[in-house]
Amino acid sequence: MVDRRTFGMWARGRRRALDLTQHQMAELVGCATVTIRKIEADERRPSKVMAMQFAKVLGIDAGDFDGFVAAARGFRAPATGVGAPHEIEARLPVALTRFVGREGELDELERTCSVAGGPARLITVIGPPGVGKTRFALEAASRLAGRYDTPAVLVQLAHRSAAEEIVPAVAAALGADLGDVRDERTSLIARIRTGPLLLVLDNLEQIQGAGQVVADLLETCDSLSCLVTSRRPLLAYGEHEFELAPLTEPAAVQLFIDRSSALLRNRIADHDEVAAVCRLLDGLPLAIELAARRVRDHSVAELRERIGSSLSALGSGPLDRDGRHATMEATVAWSHHLLDQATQSVARHAAVFRGGFTADALAAVVPA
Ligand SMILES: Nc1ncnc2c1ncn2[C@@H]1O[C@H](COP(=O)(O)OP(=O)(O)O)[C@@H](O)[C@H]1O
Ligand SMILES: [Mg+2]
């Protein structure tokens with residue numbers, strides 16, 4: 001029954017197939033989460049009673065109970081003797097809202113990513129603020145993790161600014177105690193090399209030199225894959241640039257309806273009006289979410305008029321949200337703040353254009 005894997009590995013795979021977290025599993029079995037973690041890491045055997053409970057939760061046929069319990073109690077050491085089984089826990093935040101659209105992009109990312117046997121070990125999801133890079137990367141990572149039994153871990157780097165902060169942040173996200181801080185990199189590499197791992201490195205655009213740090217980890221850990229989000233490419237060797245476009249109109253409309261439905265109560269939003277609002281917002285999910293909140297005070301038709309005249313009509317998002325994203329204006333301000341002064345000045349001059357411009361036209365309005 002446990003074929004060539006240890007009992008812990010088998011139990012982990014089975015739990016994941018049932019889409020249960022270790023915490024949920026612990027509740028069902030009636031033990032502490034840490035016990036599940038240890039059993040899955042083959043650090044301890046379940047008691048006979050616990051093994052019976054495991055069998056029930058994991059859906060083992062009653063006729064197989066005895067064999068199962070014997071296997072669980074007499075768990076085998078790793079067959080190959082190549083060291084401890086992989087212990088890195090999957091750590092992705094659970095989304096509070098429904099993910100919409102992007103089926104084509106999810107498929108394309110899956111075909112590209114090394115976790116699924118594709119060619120790219122480093123994929124950078126690139127796009128403007130609020131286009132949905134973080135949300136897409138998390139959705140893709142959780143899909144890859146589930147289908148290819150690879151733990152995926154989110155490393156949030158939005159508030160980091162120096163390349164030296166990346167290694168400690170990855171270690172913290174893995175829950176690794178690196179011990180001697182003088183050689184964090186070596187300890188982290190040893191940890192990562194224990195098995196396949198997908199790191200989601202979120203928000204790297206403001207970290208100079210991030211590409212080198214990520215490339216170094218990938219060069220030393222051959223079972224590591226990285227999914228990065230950034231407003232610009234890292235320009236690292238082997239990087240696959242994955243440009244994320246705004247939502248298609250049907251997905252944008254779905255997003256607006258999802259986010260506004262609780263606030264609309266028994267009013268009904270007209271589909272064409274919603275589509276018009278989404279077009280005005282260029283299909284940007286962040287802007288659509290902000291706009292959808294405004295239906296508390298305005299009809300969709302009113303919103304359409306107000307948005308047509310000013311971005312600040314979008315107001316601000318829920319108070320617990322990341323400061324960079326609280327309003328559409330703050331989002332643009334963060335991008336602006338990352339530019340040097342000369343580039344900021346060029347951007348200000350470019351503001352006279354509507355709907356894009358050529359290099360020649362820009363040169364004509366920027367003072368020499
Ligand atoms: N496909 C999607 N389905 C549902 N919500 C989305 C989708 N894409 C983005 N969002 C939501 O829109 C907001 C902005 O997306 P986010 O991923 O933070 O953008 P970015 O990382 O590009 O700045 C978030 O609240 C996110 O949950
Ligand atoms: Mg983001």
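## Helix α7 and the salt bridges

At 12% relative accessibility, Glu 110 counts as buried. In this predicted model, the side chain of Glu 110 meets that of Arg 147 in a salt bridge, with 2.8 Å from N to O. Because Glu 110 lies in helix α6 and Arg 147 in helix α7, the pair ties together parts that are 37 residues apart in sequence. Arg 147, in contrast to its buried partner, counts as exposed at 52% relative accessibility. Both residues belong to a network of salt bridges that also links Asp 107 and Arg 143.

Helix α7 itself covers residues 133-148 and reaches 22 Å from its first C-alpha to its last, close to the 22 Å expected at 1.5 Å a residue. Its buried residues, among them Phe 136, Leu 138 and Leu 144, pack against α6 as well as the strands β1, β2, β3, β4 and β5. Just after the helix, Asp 149 takes a positive phi of about 45 degrees.

The structure holds 14 salt bridges in total, including the following three.

| Acidic residue | Basic residue | N to O distance |
|---|---|---|
| Glu 110 | Arg 147 | 2.8 Å |
| Glu 289 | Arg 259 | 2.8 Å |
| Glu 273 | Arg 304 | 3.0 Å |

Glu 273 lies in helix α12 and Arg 304 in helix α14, so this pair ties together parts that are 31 residues apart in sequence; Arg 304 is partly exposed, with a relative accessible area of 37%. In the pair of Glu 289 and Arg 259, Glu 289 is partly exposed at 22% relative accessibility, whereas Arg 259 is buried at 17%.

Disulfides, by contrast, number zero: the cysteine sulfur nearest to that of Cys 221 belongs to Cys 226 and is 8.8 Å away.

Technical notes. Residues numbered from 1 in each chain as written. Chains lettered and ligands numbered in written order. Predicted model: local features only at pLDDT ≥ 70, side-chain atom pairs only at ≥ 80, totals over all residues. Heavy atoms only, no water. Helix = DSSP H or I, 4+ residues; strand = E, 2+ residues; numbered from the N terminus. Expected span 1.5 Å × (residues − 1). Buried < 20%, exposed > 50% of the residue type's maximum accessible area, 1.4 Å probe, protein only. Contact = heavy atoms within 4.5 Å. Disulfide = S-S within 2.5 Å. Salt bridge = Lys/Arg side-chain N within 4 Å of Asp/Glu carboxyl O.
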